Amino acid sequence: METEVDKEILKSAGAELLPDGRKGLRIHDWEIETIRGTILTSLAHEQWEEKLKTSHLPEMVFGENALVLKHFRSNTKIHFNAFDALAGWKQEGLPPVEVPAAAKWKFRSKPSQQVILDYDYTFTTPYCGSGVVEKDQETQVEAKAKPEGEASLKWENCEEQIDLAALSLKEPILFYDEVVLYEDELADNGVSLLTVKVRVMPSSWFLLLRFWLRVDGVLMRLRETRMHYVFGKGETPTVLRESCWRETTFKSLSAKGYPVDLAVYSDPGPISQRLPVIKQITQKLMIPHKV
């Protein structure tokens, strides 16, 4: 999904593509890169289960996939990966969503198996990114970015909002990509999908981390985190982050007169406004001086 951009446009924006076949670019003290690999091998699957202290993982976990944004002058790195997201799922430990009795049999791996859904099989995660300030090659201060902002990267609650009008202006896209972190079809009962996409323009970069859940006939859940950084704005580089959680049941949608045909809800983008907001927070990260 990566875009191809004219070299003259890149040059005029002060950007250059990453070397050696890497996907991404460098622009205004930032290096932005997407990384792709295969789904977890059997051995890696076992190792992840052991580290996460679980016997359950999504059907498709792309353990090598990542989006990485590095700010050179401060040694700040913001990144997104499946392991940290699943660590968030394990820590949150939501109760399992009730599945219609007629559909429970689909979760069996063997015909005679008894189905006991005693864990959050939707893999819902509160994850909104990971962060690290690299002091040097030997010492790193690592922090998982949490919705509450409790991280050493010092996300602070704020009143500022991401300027969506500015993002809608016609501007060359220097780099765009989307990476899947994990996916599960819930034994043909719906979909659980975690993706992150990034867009870089001459004026800014913007990313969207999206967890989308649809349990057919039961529930829809959308958890989105947006980050925006404007190049050269102010003396202190600042990243804005907005996290918004939405959720509703098919029963509630039907009561409001909305269709409950599953085909309508294959893509969360067009229908997100139908899902009530249950949590919303805006924060900013003041990029620190080099340590």
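## Charges over a tryptophan ring

K279 lies over the face of W245, with 4.6 Å separating K279 from the ring centre. This arrangement belongs to a predicted model. R223 also lies over the face of W245, at 3.6 Å from the ring centre. Both R223 and W245 appear again in the next section, as residues that line the largest cavity.

## The enclosed cavity

Rolling a probe the size of a water molecule over the atoms shows where empty space is left. In this structure the count comes to 1 cavity of 30 Å³ or more. The volume of the largest cavity is about 60 Å³.

The lining of the largest cavity is made up of T125, P126, Y127, L194, L209, F211, R223, E224, T225 and W245. By character, these residues divide into 6 nonpolar, 2 polar and 2 charged. Which strands each supply at least two residues of this lining? They are strand 12, spanning 204–215, and strand 13, spanning 219–230. Strand 13 gives the most, with 3 residues.

## Aromatic pairs

The structure contains 8 aromatic pairs. One of them joins W89 and F123, whose ring centres are 4.9 Å apart and whose planes meet at 50 degrees, a tilted arrangement. W89 belongs to helix 3 (residues 82–92), while F123 lies in the loop between helix 3 and strand 7 (130–134), so the pair ties together parts that are 34 residues apart in sequence. Are W89 and F123 buried or exposed? Both residues are buried.

Elsewhere, ring pairs link W30, W205, Y229 and F231 into a cluster.

## Residues with positive phi

Most residues other than glycine have a negative phi. Two residues that are not glycine, H28 and L186, have a positive value instead. For H28, phi is near 45 degrees. H28 is found in the loop that runs between strand 2 (23–27) and strand 3 (30–35). With a relative accessible area of 40%, H28 is partly exposed.

For L186, phi is about 50 degrees. This residue is also in a loop, the one between strand 10 (175–184) and strand 11 (190–200). Is L186 buried or exposed? The relative accessible area of L186 is 1%, and because buried means under 20%, L186 counts as buried. Thus the two loop residues with positive phi differ in their surroundings: H28 is partly exposed, whereas L186 is buried.

Technical notes:
Residues numbered from 1 in each chain as written. Predicted model: local features only at pLDDT ≥ 70, side-chain atom pairs only at ≥ 80, totals over all residues. Heavy atoms only, no water. 1 Å grid on protein atoms, 1.4 Å probe; cavity = no way out; pocket = protein on both sides within 12 Å on 5 of 7 lines; lining within 4 Å. Points joined across faces, edges and corners; volume = space filled by probe spheres on them. Helix = DSSP H or I, 4+ residues; strand = E, 2+ residues; numbered from the N terminus. Nonpolar A, V, L, I, M, F, W, Y, C, P; charged D, E, K, R; others polar. Phe/Tyr/Trp six-rings, centres within 6.5 Å; stacked < 30°, edge-to-face > 60°. Buried < 20%, exposed > 50% of the residue type's maximum accessible area, 1.4 Å probe, protein only. Lys NZ or Arg CZ within 6 Å of the ring centre and 35° of its normal.
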